[in-house]
Amino acid sequence: MASLGTPAHVSNKKPLHCPTSKPKRVRCAVSPPAWQEGRRVVSISLVLSHLLLIPNRAVAEGSVFDKYVKRKKLDPLEAYVPAVILTEFQIKDLEKTLEGDEPQFSFCRSLLRSGPAASLRVNIRAVAQYASDSGNGKTAFNNVDDCLRSLEELDSLLLHASRKDPEASVKSMKAKISSALNALDSLLQTVPSDVLRKGKVIADSYRDPEDVETESLDPELQQLESIL
C-alpha cells in the first residue's frame with residue numbers, strides 16, 4: 001500500500017540508473033539553418049542593389065567609382081585640326097548654296113550632318129581640351145559653345161525654312177554661319193602655329209588633291225592624312 005504521505009498515483013520507486021554508462025553524443029552533418037542562409041542572400045542582394053540602382057544623375061555628376069575610371073586618352077592634336085579646318089570649308093560651301101534663287105534647305109541641313117561636320121562636336125572639344133592643358137581652356141571652351149549654339153540655331157532655321165516658314169530668312173542663316181565660323185577661327189588660334197600649319201596643308205590636300213601631291217608631304221603628315 002502506498003504511504004499516507006505519497007499520492008497513490010505517484011510511485012516512490014527511483015528510476016533505474018546505471019552509474020557506469022556514459023551519455024552518448026550524437027553528431028550529424030546538417031546544413032546551416034534556413035534563416036541563416038536567407039540572411040546571407042538578403043545581405044548580398046542589398047549590396048548588389050546598392051550598386052545597380054545608382055541614379056543616372058549621380059553617375060553623370062561623379063559617383064564613388066569615378067576614381068577608378070580613367071579619361072579616354074586623346075589622339076594627337078594634329079589628328080583633330082585638319083578635320084576642324086575641313087569643317088570650316090564645308091560650312092562656307094553651305095553658305096554659298098544659300099545664295100541661289102531657290103536654296104535647298106533640306107540639302108543644307110544634310111551638309112551639317114555629313115563629312116567632317118558630322119564629327120565636329122568631338123573634334124572641337126578635343127582641340128579645346130588641348131588648349132585647356134596649355135592654359136587657354138576658358139576661351140577655347142567658350143568658342144566651342146558659341147560654335148555649337150550657332151550651328152544648332154542655323155539647323156533650326158533651315159528646318160523652318162524647309163517648311164515654308166517666312167520668318168526663317170536667309171539673312172538670319174548667314175548671320176549664324178558667320179558666328180560659327182568666327183568661333184572656329186578663334187578656337188584654331190589656340191593651336192600651336194606649327195600644328196596649325198600642318199593641319200592646313202593636310203586640309204588643302206583633301207580640298208584640292210591635284211594642287212598638293214601626297215608625295216610632297218613628309219612622313220608625319222602622310223600618317224596624319226591616313227588617320228583622316
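This report covers the packing of helix 3 against two other helices, a buried residue in helix 5, and the largest nonpolar core of a predicted model.

## Helix 3 and helix 8

Helix 3 spans residues 81–97 and helix 8 spans residues 193–207. Their axes lie 8 Å apart, and the packing angle is about 50 degrees. The two helices are therefore oblique to each other. Their crossing is right-handed.

On the helix 3 side, the contact is made by V81, P82, I85, L86, F89 and D93. Helix 8 contributes V195, L196, G199, K200, I202, A203, D204, Y206 and R207. By class, the residues of this contact between helix 3 and helix 8 are ten nonpolar, one polar and four charged.

## Helix 3 and helix 5

Helix 3 also packs against helix 5: the axes come within 9 Å and cross at roughly 130 degrees. That angle makes helix 3 oblique to helix 5. The crossing of this pair is left-handed, whereas that of helix 3 and helix 8 is right-handed.

A83, V84 and T87 are the helix 3 residues that meet helix 5, where the partners are L120, N123, I124 and V127. The contact of helix 3 with helix 5 divides into five nonpolar and two polar residues, with no charged ones.

## N123

N123 is found in helix 5 and is among the residues of that helix that meet helix 3. Is N123 buried or exposed? Its relative accessibility is 8%, which is under the 20% limit, so N123 counts as buried.

Leaving out residues up to four places away in sequence, N123 touches Y80, A83, V84 and P116. Of these, A83 and V84 belong to the helix 3 side of the contact with helix 5.

## The largest nonpolar core

The largest nonpolar core has 41 residues. Two or more of its residues come from each of helix 3, helix 4 (105–111), helix 5 (120–133), helix 6 (137–162), helix 7 (170–188) and helix 8. Helix 6 gives the largest share, nine residues. In soluble globular proteins, nonpolar side chains tend to be buried together.

Which residues have the most contacts inside this core? They are I124 and M173. I124 is also one of the helix 5 residues that meet helix 3. M173 touches L98, F105, L154, L157, L158, A161 and A168, again not counting residues up to four places away in sequence.

Notes: Residues are numbered from 1 along each chain as its sequence is written. This is a predicted model: local features need pLDDT of at least 70, side-chain atom pairs count only at pLDDT 80 or more; totals for chains, interfaces and linings use all residues. Side-chain values use heavy atoms; hydrogens and water are left out. Axes are lines fitted to C-alpha atoms, for helices over the stretch in contact, and angles run from 0 to 180 degrees between N-to-C directions. Helices (H or I, at least four residues) and strands (E, at least two) are DSSP runs, numbered from the N terminus. Angles under 35 degrees count as roughly parallel, over 145 as roughly antiparallel, 65 to 115 as roughly perpendicular and the rest as oblique. A crossing is left-handed if the near helix is turned anticlockwise from the far one by less than a right angle, and right-handed if clockwise. Contact means heavy atoms within 4.5 Å. Ala, Val, Leu, Ile, Met, Phe, Trp, Tyr, Cys and Pro count as nonpolar, Asp, Glu, Lys and Arg as charged, and the others, Gly among them, as polar. A nonpolar core is a set of buried Ala, Val, Leu, Ile, Met, Phe, Trp, Tyr and Cys residues joined through side-chain atoms within 4.5 Å. Buried means under 20% relative accessible area, exposed over 50%, partly exposed in between (1.4 Å probe, protein chains only).
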